[in-house]
There are 2 protein chains.
Amino acid sequence: MAKLTMTPEVTALVAERFKALGEPARLSILNCLRGGEMTVSEVVEATGLGQANVSKHLQLLHGLGFVARRKDGLFAYYSLADKHVFHLCDLMCGRLEAELRARRKLLAS
Amino acid sequence: MAKLTMTPEVTALVAERFKALGEPARLSILNCLRGGEMTVSEVVEATGLGQANVSKHLQLLHGLGFVARRKDGLFAYYSLADKHVFHLCDLMCGRLEAELRARRKLLAS
DNA sequence: TGTTTATATAACTGTATAGTTATATATTGC
DNA sequence: GCAATATATAACTATACAGTTATATAAACA
């Protein structure tokens, strides 16, 4: 929270974006897209989620600017609009590892 | 997602942590604690949230290792266990700003 | 035109949880 | 012991939303 001051409005917008990442299904969709552009069906195939479900998640991620969309004929191609998402995930993974280390340390003592 | 591979289990753990930050009330509690250790009542006062509500949010944040707890007499002092949380928030704010810029640009064209 | 296919959307169900009220659990000091 | 205070918890309500099923939209092609 450096540049923007945390007014209730900004807080809500930031929370909304964290919430979008706070869903296993959406994280695995984003993880899929790491390899590059994919159609909806390919994401469905890769994740094992239902088609309508994937479509809804992609709409949400698109609305928040996490993914980009390109339509070509029958197909909709989705891709990461913001590679920095994974920086967020990396940081969160780092936290997680530190947390698990701390917990193990606590158990050992 | 550098070190850990995104197994369903890891994905769920990461999502759980993002979800914790995906709540305006919890973000403002964390923002409060930026200034240093606070009692529950002080957080209640500062945020305007209800006491039971704050207590629950703090339990959750504590369970996930975001805040530390110290009990002294009647009071429970909570503090940030992980200053890096704000790095996450900064990144998300950066995304938000970029997103808003892009949207403005789109409207202008 | 009609058929097929890919994606989006509408309607619904079940579940999770934020917030509230009331109460329980400690701890301090009389 | 009892009263007062700070925090935690239990029980409840209302809402948000993930996932599903069924259907609509729209593009390609026969």
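This text walks through a predicted model, from the strands of chain A to its contact with chain B and then to DNA strand C.

Start with the strands of chain A. Strand β1 of chain A covers residues 38-39. Its partner is strand β3 of chain A, residues 75-80. The two pair in the antiparallel sense, over 2 bridges. One residue pair to look for is A:T39, whose bridge partner in β3(A) is A:Y77.

Strand β3(A) has another neighbour. Strand β2 of chain A, residues 67-72, is joined to β3(A) by 6 bridges. This pairing also runs antiparallel. Here A:K71 has A:A76 as its bridge partner in β3(A). β2(A) and β3(A) form a hairpin, with 2 residues between them. In that turn sits A:G73, with a positive phi of about 65°. When reading side-chain directions here, keep one rule in mind. In a regular strand the side chains alternate between the two faces of the sheet.

Now bring in chain B. The contact takes 36 residues from chain A and 36 residues from chain B. On the side of chain A that touches chain B, three helices give two or more residues: α1 (8-21), α2 (24-33) and α5 (85-108) of chain A. The most comes from α5(A), with 13 residues. By class, this side of chain A divides into 20 nonpolar, 7 polar and 9 charged residues.

How are the copies related? Two copies of a chain are related by a rotation about an axis and a shift along it. For this pair, a turn of 180° and a shift of 0.0 Å along the axis lay chain A on chain B, with an RMSD of 0.0 Å. That is the relation of a two-fold axis. The interface fits this picture. Of the interface residues of chain A, 100% are also interface residues in chain B, so the copies meet through the same surface.

Finally, turn to the DNA. There are 20 residues around DNA strand C. Those that come nearest are A:T39, A:S41, A:A52, B:G50 and B:A52. Both protein chains thus appear in that list. A:T39 is already familiar as the bridge partner of A:Y77.

Which elements supply at least two residues each of the surface near DNA strand C? From chain A they are α3 (40-47), α4 (51-63) and β3. From chain B, α4 (51-63) does so. The largest share, 6 residues, comes from α4(A). By class, the surface near DNA strand C has 10 nonpolar, 8 polar and 2 charged residues.

Terms used. Residues are numbered from 1 along each chain as its sequence is written. Chains are lettered from A and ligands numbered from 1 in the order in which they are written. This is a predicted model: local features need pLDDT of at least 70, side-chain atom pairs count only at pLDDT 80 or more; totals for chains, interfaces and linings use all residues. Two residues are in contact if their C-beta atoms, placed from the backbone, lie within 7 Å. Helices (H or I, at least four residues) and strands (E, at least two) are DSSP runs, numbered from the N terminus. Ala, Val, Leu, Ile, Met, Phe, Trp, Tyr, Cys and Pro count as nonpolar, Asp, Glu, Lys and Arg as charged, and the others, Gly among them, as polar. Two strands pair if DSSP finds at least two bridges between them. Copies are superposed by least squares on the C-alpha atoms of residues with pLDDT of at least 70 in both. A residue is near a molecule or strand if its C-beta atom, placed from the backbone, lies within 6 Å of it.
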